[in-house]
Amino acid sequence: MWLAAAAPSLARRLLFLGPPPPPLLLLLLSRSSRCRRRLHSLGLAAMPEKRPFERLPADVCPINYSLCLKPDLLDFTFEGKLEASAQVRQATNQIVMNCADIDIITASYVPEGDEVPRPGIEPRLLSVKARSPNHWTARESPTDCVFRCFDNRKQFSDNFEIHATGFNYQNEDEKVTLSFPSTLQPGTGTLKIDFVGELNDKMKGFYRSKYTTPSGEVRYAAVTQFEATDARRAFPCWDEPAIKATFDISLVVPKDRVALSNMNVIDRKPYPDDENVVEVKFARTPVMSTYLVAFVVGEYDFVETRSKDGVCVRVYTPVGKAEQGKFALEVAAKTLPFYKDYFNVPYPLPKIDLIAIADFAAGAMENWGLVTYRETALLIDPKNSCSSSRQWVALVVGHELAHQWFGNLVTMEWWTHLWLNEGFASWIEYLCVDHCFPEYDIWTQFVSADYTRAQELDALDNSHPIEVSVGHPSEVDEIFDAISYSKGASVIRMLHDYIGDKDFKKGMNMYLTKFQQKNAATEDLWESLENASGKPIAAVMNTWTKQMGFPLIYVEAEQIEDDRLLSLSQRKFCASGPYVGEDCPQWMVPITISTSEDSSHAKMKILMDKPEMNIVLKDVKPDQWVKLNLGTVGFYRTQYSSAMLESLLPGIRDLSLPPVDRLGLQNDLFSLARAGIISTVEVLKVMEAFVNEPNYTVWSDLSCNLGILSTLLSHTDFYEEIQEFVKDVFSPIGERLGWDPKPGEGHLDALLRGLVLGKLGKAGHKATLEEARRRFKDHVEGKQILSADLRSPVYLTVLKHGDGTTLDIMLKLHKQADMQEEKNRIERVLGATLSPELIQKVLTFALSEEVRPQDTVSVIGGVAGGSKHGRKAAWKFIKDNWEELYNRYQGGFLISRLIKLSVEGFAVDKMAGEVKAFFESHPAPSAERTIQQCCENILLNAAWLKRDAESIHQYLLQRKASPPTA
């Protein structure tokens, strides 16, 4: 599953100018201790106790599900009939399954062969009928609800059909126990269940998705989203990833609707009771987990091709928009053969469908053979889609198709190993896009988008290990975060570099071949890679997956004749300052070392497997620089001695350091300043050295870090001074780029232009503001339509410095937009408006019918990130509308994202207490860890502001008095 980013510039970032003298170190340790004491005083230092939970008993397991569903697209209900071939492993008189928001009408078990009830029992058929569905499960009650129907005699039919005499719903654990009047003997049989359910509006399970036809009529599709634990909302099942089975799926649907499932259609025939309805049967699936089952009923067009391996590839789009599916179709057709060659394992299904769903919580979902997407993650309009959207679609398609092997063919044994699915797919999506679009320079972008994002979260005391013990279903959604995805991807990238591509591919083939159609754990992958490479993979990687955090590598250098002696030490990096615990975690760290003699190749590679090491680099001249972590591949931060850092800084100005290393150096410095290890002023000075920087991703990282600093300083009375600094840093590159593309420019130039103009416009750069207003006027009047790549920066600029009329025009453009990408583009910038009255208008708009449910989060988050007043207003809005928001997103990761975007920018100690108190009285179980992390970040922001605000102010005033020369 691909989690849709809340915004292109999610907060990320966090090296050092030299070892602090003892008094400063003591001060830093004291600050760090104070911050941790503050965390403890607020009760934020540890997660609350987990709920008790037991997995399903192993006495009965499915072999095959024969499932028929009949959705009603007007009443938003569905009827279901399940006949599950099952294996009774040990005698029992009950079957425990997962079931949520479903009402079972009848249930029975038919043993096969000799596995029949004991003789001498009189058979008699008994039906267990349901009452009104809402009364049947009493699903509003937290207590178990038991309905039983008994007969004085044993209930068997003439063919030994044993009818359940009771259904015990354990609503809290989302289970049902079917009780039988006699013991089910070991052997095989068929479990038959008739049931009804609701096509809900929560974007999980079997749910309804609203769309508008080309003629303007509002209609609904019936679609699914089962990961992690929501197949149980569509049919009673053994809803655990290790309990695999095959599926024979049939859908009874209106004859004018498209019906899709994991496999190809094998029969379509009229339904006996209604001439307007047809029954669509699909081929049997391979053995698979329930969370990968999918079905869709709605109105769609499609484009089609075949991969060079002969797999039928289709992209389904809203009616009339088939053209917008062609880019994703091209990417998918290239991607399938790429993965087949990389894994040396063929794609096992005859077809792959990719479909755009209107209401969809995640970015996409890897259902085997039927991959579902948000419209913005799949559809590309050749004229109206921007470069960043094309790149996002390519990445998401690459991610989901990787899962067809890594996750679907071989599946994690339990949610503890979720990272194995998501971390791997989040890494290999970049490998795939680099293959399809080498001009994207995508691996440099990986560092800014994933690597640094993961490090920012993993530096918190309230982070978690990559592998998290998961029990109750409410805990699963918490780990769909940057640790499972981005840190997982980063450590696999580091592992791939450590092993080498040849042995890595060999090990992947061994793993997939050994465990295909089975389940595996993290240790199984390590074993395969260890056998392929001969390296101690498990020993190395256990230090990265089983403990949270990552190391800070401190390095000093000494010239000894023609050699350079390096002294390295490692210690856990903490967002609150130097690690103060006695038992400091240690990592086995693959370290690469480069020099200015050849900045793009490693002079030495080592495995740092102890707290301290000394290394001798042969033949390094005194005037050459030495840098650790070539390519910013190792998942650690580096802190250089003053002399080593000074020697590296010219490499930023003259571009002799590769782009990804310039990015890594700056990002490490910013993180050290944020943690209080160095002064923020020193980082601002380094940022000014990027005046000649040409690389988009380096600028993107700089922009993000300056955005974080701007948000922090919005709590001061010198916010405008930091905006002047932003204008000074970005003006030279803005002048070089201009507004219009030049001959020979490509994808990255378009991304850079949009980034720079947006940054200058938001900061109030006069020439940029005037030109943005002119172009916006021409766009609205139809004289000169803005190119897709310029729309976001122009919209942002005119809204930030506009009035109520500007907002009204923007809302009108939103209403007129036929393309979801354009609607989202507008929604993300609405929060830039500054007037309190207009901010309230935007927040009200966020919950209106004009905004899709999954996009409300980005509108509110945009308001919170737009200004100091917006942050306060967004938080009040969330509190005032909590019941509606929680009801919309409960149990999903969107509630976590909403909370994170809305409160993380505060920088006053008391706000951490306020946020904590609110969520104690308004529990959000799936967001508990996020709430802890947000409160910790608020305290860290407050400490940063107290520590560095005055020195930053003085530096900005001095700079203003005597501006630096280029």
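# Strands, helices and two buried side chains

The side chain of Gln570 comes within reach of the backbone oxygen of Lys610, at 3.3 Å. That is a polar contact: a pair of N or O atoms within 3.5 Å, where, within protein, one atom must be able to donate a hydrogen and the other to accept it, and residues adjacent in sequence count only if both atoms are side-chain atoms. This is a predicted model, in which local features need pLDDT of at least 70, side-chain atom pairs count only at pLDDT 80 or more, and totals for chains, interfaces and linings use all residues. Residues are numbered from 1 along each chain as its sequence is written, and side-chain values use heavy atoms, with hydrogens and water left out.

Stay with Gln570. A polar atom of its side chain also lies 2.8 Å from the backbone oxygen of Trp587. Is Gln570 buried or exposed? Gln570 is buried, with a relative accessible area of 5%. Buried means under 20% relative accessible area, exposed means over 50%, and partly exposed is in between (1.4 Å probe, protein chains only). Beyond its neighbours within four places in sequence, Gln570 is in contact with several residues, including Pro551, Leu552, Met608 and Pro611. Contact here means heavy atoms within 4.5 Å.

Where does Gln570 sit? It lies in strand β25. Strands (E, at least two residues) and helices (H or I, at least four) are DSSP runs, numbered from the N terminus. Strand β25 covers residues 563–572 and runs antiparallel to β24 (residues 551–560), joined to it by ten bridges. Two strands pair if DSSP finds at least two bridges between them. One bridge partner to find is Ser567 in β25, which belongs to Glu556. Two residues separate the strands of this hairpin, and Glu561 takes a positive phi near 55° there. Strand β25 also pairs with β28 (residues 612–617), antiparallel, over six bridges. In that pairing, Leu565 has Val616 of β28 as its bridge partner.

Next comes an open sheet of three strands. Its order is β27-β26-β29, and the pairing is antiparallel. Why do β27 (604–608) and β29 (626–628) each have one side without a neighbour in the sheet? Both stand at the edges with a single partner strand, so one side of each is left free of a neighbour. Neighbouring strands of this sheet are turned by 25° against each other on average, direction ignored. Those angles come from axes, lines fitted to C-alpha atoms (for helices over the stretch in contact), and run from 0 to 180 degrees between N-to-C directions. Strand β26 (residues 589–595) meets β29 over three bridges. Look for Ser594 there, opposite Lys627 in β29. In a regular strand, the side chains alternate between the two faces of the sheet.

Now go back towards the start of the chain. Strands β1 (residues 60–72) and β2 (residues 77–88) pair antiparallel over twelve bridges. Tyr65 has Ala84 in β2 as its bridge partner. Four residues lie between these strands, and Phe76 takes a positive phi near 60° in this hairpin. Strand β2 is joined to β9 (residues 187–198) by twelve bridges too, again antiparallel. Gly80 faces Phe195 in β9.

Strand β15 (residues 274–282) also has two partners to trace. Five bridges join it to β12 (residues 246–254), antiparallel. Six bridges join it to β14 (residues 265–271), also antiparallel. The hairpin from β14 to β15 passes through two residues.

Turn to the helices. The axes of α21 (residues 804–816) and α23 (residues 836–846) come within 11 Å and cross at roughly 15°. The two helices are therefore roughly parallel to each other. Angles under 35 degrees count as roughly parallel, over 145 as roughly antiparallel, 65 to 115 as roughly perpendicular and the rest as oblique. Their crossing is right-handed: the near helix is turned clockwise from the far one by less than a right angle, whereas anticlockwise would be left-handed. Residues that meet here include Leu807 and Leu811 in α21, and Leu838 and Phe845 in α23.

Finish at Asn695. This residue is in the loop between α15 (680–687) and α16 (696–713). Asn695 is buried, with a relative accessible area of 12%. A polar atom of its side chain lies 2.9 Å from the backbone nitrogen of Thr697, and one lies 3.1 Å from the backbone nitrogen of Val698. Leaving out residues up to four places away in sequence, Asn695 touches Asp441, Thr444, Pro659 and Arg662. Asn695 and Leu655 are 40 residues apart in sequence, and 10.0 Å apart in space, C-alpha to C-alpha.
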